[in-house]
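Got the model open in your viewer? Let's walk through it one selection at a time.

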Amino acid sequence: MAVKSIINENSASVMEAPEDYASIKDKLEKKILSKGYTKGLDYCLQLCKRLDRSLYEVICEIERAIDYSELAEVFAEHSGLKKVDSIKGDIIQTQRHFIETTEAVFVWHYASLKTMKINGKPVYMAPKDSFQSYLNTATAHSESAETSQSSSRDWFIQAIFMPAVKLGATDIHIVPNEITGTYRVDIRILGELRNFTKLNRKRGHSLISLLLYWAKEHTPSIRIDDYRKPQDGRIEIPKDKMGVPIDLRLSFIPKPNMKDIDIVIRLLYKIELQHESLSSLGFFDWQADFLSESTERNKGIVVVSGATGTGKSRTVNTLLSSIPTERNILTVEDPIEYVLHNARQFQTFEWEGNDERSRKVDFEFYARAFKRHDPDVIFIGELRDKATTDVAFHLSKTGHLVFATLHASRASMIPEILVRDYGISMDAISDNLLLGINQVLVKKVCPKCSVKKQIESLPIWTQSLLYPDRDELLNKLIGKDISFPAVMANQNTANCSCAIRHEGVVLSTGYSGRTVVAECIAFSPEIFLDGNISVTEIEKKTKNYGTILNDAIDKILNGTLDISSLRRLL
């Protein structure tokens with residue numbers, strides 16, 4: 001950068017062996033405070049020579065020693081930056097110490113040049129007061145021009161959030177286009193992304209700032225001025241807005257241009273599960289009975305696996321809701337998605353502040369605390385690291401029934417992941433792992449507008465399904481009448497109740513809700529006697545339980561799913 005190169009010209013080679021830097025800094029601060037910043041600056045230059053550091057670095061490290069107005073004069077003089085009285089141009093990017101507009105980059109604090117990218121634009125020093133004045137003016141202009149709502153939050157809720165919820169969306173994607181400068185907003189409905197709306201550059205940048213500042217209120221670790229690294233946050237929408245409280249989980253990933261951020265918002269509805277059953281989720285009766293038996297155990301671990309958004313937490317919470325209140329159930333989740341009438345639920349969070357308590361209070365923290373809280377059943381929201389997994393198995397060894405979720409694509413992979421990725425011993429797996437469940441969510445064919453069609457052959461892509469007895473299972477479909485969405489048979493289904501519309505555009509039709517497709521494996525010590533826990537070997541030893549492909553084929557044969565649902569198992 002041109003500015004940095006000017007500043008670095010003040011650095012010099014080491015003239016003398018440097019003293020302890022902390023003591024030098026103390027001397028320097030006292031000197032500046034007693035003799036004024038001009039003489040203090042001379043001393044800074046001497047210190048640069050002794051420490052082989054640039055003037056810029058030294059000034060940044062003693063920023064508290066000089067009044068801002070005086071230091072601004074010093075910095076403007078020795079950096080070559082021109083001073084201006086006000087900020088001009090349309091806002092592009094704003095961070096703590098600087099604002100980039102369409103005309104230039106404006107800084108009020110010398111420390112901003114540590115990390116900022118100037119991108120060839122002129123850089124000016126502007127008074128600190130002008131920054132807030134500019135931001136207030138820019139925000140007021142943006143809101144008055146683009147929305148009649150009283151605030152940006154109200155605009156987001158009314159224009160994007162509420163319509164997405166009414167359409168049954170599980171995720172909202174805000175995607176910047178670096179070429180056009182616009183923002184595309186997509187929503188995930190029934191597991192598939194659909195285009196929702198488009199925002200211009202001003203509204204897109206305003207929305208990014210809104211979500212960052214809003215998430216900061218609930219997630220202290222978020223840095224609103226950091227456009228360099230991915231960040232995660234959360235926002236809580238109160239019950240009075242939608243009838244039920246909803247948690248928004250946000251993932252912020254900056255784009256390479258350091259100006260735009262790609263945002264994905266996951267919508268988590270806090271609903272009560274008191275009257276829900278495993279059968280209503282899509283489990284067959286024999287599977288529901290099999291899973292319910294696990295809740296009668298006094299110790300051991302039950303693991304529910306699957307990818308993100310496959311309903312793992314809902315399955316576990318539905319299981320927990322059936323446990324009698326005579327047993328003490330403790331749960332820790334991130335966040336609490338479902339309200340249980342018979343459990344005490346806790347949520348991970350972060351302390352506000354800058355002391356040692358600022359770290360996240362995570363799954364491991366709660367799991368250790370639960371040991372002293374007289375539990376019978378414990379649900380650990382996710383086994384995401386070795387420490388949490390160790391505590392989960394320790395709780396099982398000490399006589400507790402533990403439920404947990406894990407990211408895995410097959411139930412037969414669970415032992416291998418626990419041993420090889422998280423370092424759990426084979427003995428601990430053999431003695432404590434009771435049950436493995438793997439599941440995905442698949443769109444159900446609408447029973448009102450579906451059509452039956454006999455199939456004589458299967459698509460070639462089905463040969464990519466890597467499951468035991470694949471050909472035998474797939475051959476069950478040949479010659480059978482299979483349900484297909486009417487839209488695939490070129491029939492108009494726009495008037496069916498299953499059609500999902502937004503502003504006159506049909507986003508989805510032919511399908512009605514989603515159902516669980518799952519596999520269940522009961523683990524016993526005999527399975528681990530030979531020490532071989534590869535996926536192939538586990539599937540051979542547990543063949544009588546069937547695979548997730550068996551479950552999908554059965555649901556296709558009973559008319560719940562169509563053949564395209566098998567793509568979810570690839």
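Start by selecting C520: at 1% relative accessibility, this cysteine counts as buried (buried means under 20% relative accessible area, exposed over 50%, partly exposed in between, with a 1.4 Å probe and protein chains only). Before you go on, keep in mind that this is a predicted model, where local features need pLDDT of at least 70 and side-chain atom pairs count only at pLDDT 80 or more, while totals for chains, interfaces and linings use all residues. Residues are numbered from 1 along each chain as its sequence is written, and side-chain values use heavy atoms, with hydrogens and water left out.

**Another cysteine**

How many disulfides does the structure hold? Zero, taking a disulfide as a pair of cysteine sulfur atoms within 2.5 Å. Select C446 and C496 to see an example: the nearest cysteine sulfur to C446 is that of C496, 3.7 Å away, and C446 is in no disulfide. C446 counts as buried, at 2% relative accessibility.

**Zoom out**

Now show the whole chain as a cartoon. You should find 19 helices and 26 strands; helices (H or I, at least four residues) and strands (E, at least two) are DSSP runs, numbered from the N terminus. Of the 570 residues, 50% count as buried. Switch on the surface and you are looking at about 27100 Å² of accessible area, 48% of it belonging to carbon and sulfur atoms; the areas come from the Shrake-Rupley method with a 1.4 Å probe, and for residues only the protein chains shown count as cover.

**The largest core**

Next, select F156, F161, L211, L248 and I265. Of the 42 residues in the largest nonpolar core, these touch the most other members. (A nonpolar core is a set of buried Ala, Val, Leu, Ile, Met, Phe, Trp, Tyr and Cys residues joined through side-chain atoms within 4.5 Å.) Which element gives the largest share of this core? That's α7, with eight residues.

Centre on L248 and show what surrounds it. Not counting residues up to four places away in sequence, L248 touches F156, F161, G233, R234, I235, I237, I265, R266 and L267, where contact means heavy atoms within 4.5 Å. A second, separate core of 35 residues includes V332, V361, I414 and I527.

**Ring pairs**

The structure holds nine aromatic pairs. Rings of Phe, Tyr and Trp (its six-membered ring) pair if their centres lie within 6.5 Å; planes under 30 degrees apart count as stacked, over 60 as edge-to-face and the rest as tilted. Go back to F156 and F161: their ring centres are 6.4 Å apart and their planes sit at 25 degrees, so this pair is stacked. F156 is buried, at a relative accessible area of 0%. Now add W214, whose ring centre is 6.1 Å from that of F156 with the planes at 85 degrees, so the two are edge-to-face. This pair links distant parts of the chain, with F156 in helix α7 and W214 in helix α8, 58 residues apart.

**Last stop: T331**

Jump to T331 in strand β14 (residues 329-333). Is T331 buried or exposed? Buried, with a relative accessible area of 0%. Its side chain makes a polar contact with the side chain of E333 (3.1 Å); a polar contact is a pair of N or O atoms within 3.5 Å, where within protein one must be able to donate a hydrogen and the other to accept it, and residues adjacent in sequence count only if both atoms are side-chain atoms. Leaving aside neighbours within four places in sequence, T331 is in contact with residues including L320, F346 and F370. Keep F346 and F370 selected and add F365 and Y366: these four form one aromatic cluster.
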